[in-house]
Amino acid sequence: MKFYSLNSQNIQASFKDAVIAGIAPDKGLYFPERIDALPPAFFDEIESLSDHEIAFRAIHQFVNEDIPDDVLKKIIADTLDFEFPVVEIEDNVATLELFHGPTMAFKDVGARFMANCLGYFSKGEKQDVTVLVATSGDTGGAVANGFLGVDGVKVVILYPSGKVSDIQEKQLTTLGQNIEAMEVHGTFDDCQRMVKTAFLDSGITDHKKLTSANSINVARWLPQLFYFLFAYKQAKSKGREIVFSVPSGNFGNICAGMVAQKLGMPVQHFVASTNMNDVVPQFMEKGTYEPVPSVATISNAMDVGDPSNFVRIRHLYKDDLDTLRENLSSYSFTDEMTRKAMKEIHIKTGYVMDPHGAVGYLGLKEYQKQHPDTFGIFLETAHPVKFLDVVEETLGLSPAIPPQIQKVMDREKKSHIISSYEDLKDFLLA
Ligand SMILES: *Cc1c(COP(=O)(O)O)cnc(C)c1O
């Protein structure tokens, strides 16, 4: 299967080349040239398939020309060694818990899958690949963990000093080996700008193979479709039409869900739930896409003013807003509404939602007002302990720190402090 650039379909790459480059030479996002539906029997029998079997069959068509079946099976087994439970918290409202991985954020699956692919593609290559990534928090930890110890791959993570949580900082600064953390005196936007400048700087790219581990990379984006299939497998017996609500920032996760639907997964509707960064809800209402600088919220992993994967969703629907609206709704919520939902659910059911999951819950409830006969699933994208301050302030309780987090909290931080692009460049070329 080839992947083409969304800026010009004449620019094509194999899966391997798309993964190594991250983005097309014309700066377009790569997109699969075809999405062939799986046979109906796959969905009829899905309950009898293991998660590994489901993942293998779903991703096979996209990667099989570049990864042999036995290697793909191994990559899937290494990526998916934890649970993805659907937990019903109210009648016909369930959450798909995506936080049982090593860094307790849903990005673990994409980061691990990409790391394994890149590790496989780097075998026998003379030159190492350097993964350069800017993080506002969660991506850094998942990428560091996923790529740790992968031969032929170096990882350089930029994060804004003092602007990530203690847990997040430990997750990205304590691993050592092939992982380097750059602590930037500045904001997340400064980090992102430095990364973008580096990709365009031939003074670096003439000497180093650079790639990105952001959800623009197809190897990080596509495996997210597994979640929706695992949820469908668990919810199918409910006998109701299924709706997914996805707390969204860069819109990679929800777009992967819509690819699962193109594979033939029966689902009635998707809801893209956002915080006050509401470019997409506005677009769905008015039909004009107007990116704006992001605003800070309590669900900060979704503070994105110009979501990079939304072009992929538009492309899936051939840019036809009317058909897109039949399949996708989008709503935005304030921090106050988010906290209120966290409190109410906790009092009513005892369930502790993190602020991102709570935004997903609110979007689902909004849709179900008009469609009460559905079975709704909202994605819980992070463990509440990763947003400890907000959970403590809002619910007045401290969730217990799970062992995989505690282990990291006890390690020593190591970072390189930088304040300008030149510092980064010197580091990369050293
Ligand atoms: C990254 C992230 C999101 C947003 O996912 P996108 O694929 O960028 O839409 C939501 N919640 C959490 C906790 C995240 O880390």
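**View 1. The shell around the ligand mixes nonpolar, polar and charged residues.** In this predicted model, the shell splits into 6 nonpolar, 7 polar and 2 charged residues. Altogether, 15 residues surround the ligand. If you want to find your way in, start with the closest ones: K107, G249, N250, F251 and T381.

**View 2. Polar atoms of N250, N253 and T381 meet the ligand.** Let's begin with the backbone. A polar backbone atom of N250 sits 2.8 Å from an oxygen atom of the ligand. N253 also brings in a polar backbone atom, and here the distance to a ligand oxygen atom is 2.9 Å. With T381, look at the side chain instead: one of its polar atoms is 2.8 Å from a nitrogen atom of the ligand. How much of the ligand's accessible area does the protein cover? On its own, the ligand has 380 Å² of accessible area, and the protein covers 97% of that.

**View 3. Six strands line up in an open sheet with mixed pairing.** Read across the sheet and you get the order β4-β5-β13-β10-β11-β12. Which strands are at the edges? They are β4 (86-90) and β12 (328-332), and each of them pairs on one side only. On average, neighbouring strands in this sheet are turned by 25 degrees against each other, ignoring direction.

**View 4. Strands β10 and β13 run side by side in the parallel sense.** Zoom in on β10 (residues 242-247) and β13 (residues 375-380), and you'll find 4 bridges joining the pair. To spot a matching position, look for V243, which stands opposite G376 in β13. Now bring in helix α12 (residues 252-262), which packs on the sheet. This helix touches β10, β11 (269-274), β12 and β13. Compared with β11, the direction of α12 makes an angle of about 180 degrees.

**View 5. Three strands form an open antiparallel sheet.** The order here is β2-β1-β3. Why is one side of β2 (12-14) and of β3 (30-32) left without a neighbour in the sheet? Both stand at the edges with a single partner strand each, so nothing in the sheet pairs with the other side. Neighbouring strands in this sheet are turned by 40 degrees against each other on average, again ignoring direction.

**View 6. Strands β1 and β2 pair in the antiparallel sense.** There are 3 bridges between β1 (residues 2-5) and β2. For one position to look up, take Y4: its bridge partner in β2 is Q12.

Conventions: Residues numbered from 1 in each chain as written. Predicted model: local features only at pLDDT ≥ 70, side-chain atom pairs only at ≥ 80, totals over all residues. Heavy atoms only, no water. Near = heavy atom within 4 Å. Polar contact = N/O pair within 3.5 Å; in protein donor to acceptor, adjacent residues only side chain to side chain. Areas by Shrake-Rupley, 256 points an atom, 1.4 Å probe, with all protein chains shown as cover. Nonpolar A, V, L, I, M, F, W, Y, C, P; charged D, E, K, R; others polar. Pairing = 2+ DSSP bridges. Helix = DSSP H or I, 4+ residues; strand = E, 2+ residues; numbered from the N terminus. Axes fitted to C-alpha atoms, helices over the stretch in contact; angles between N-to-C directions. Contact = heavy atoms within 4.5 Å.
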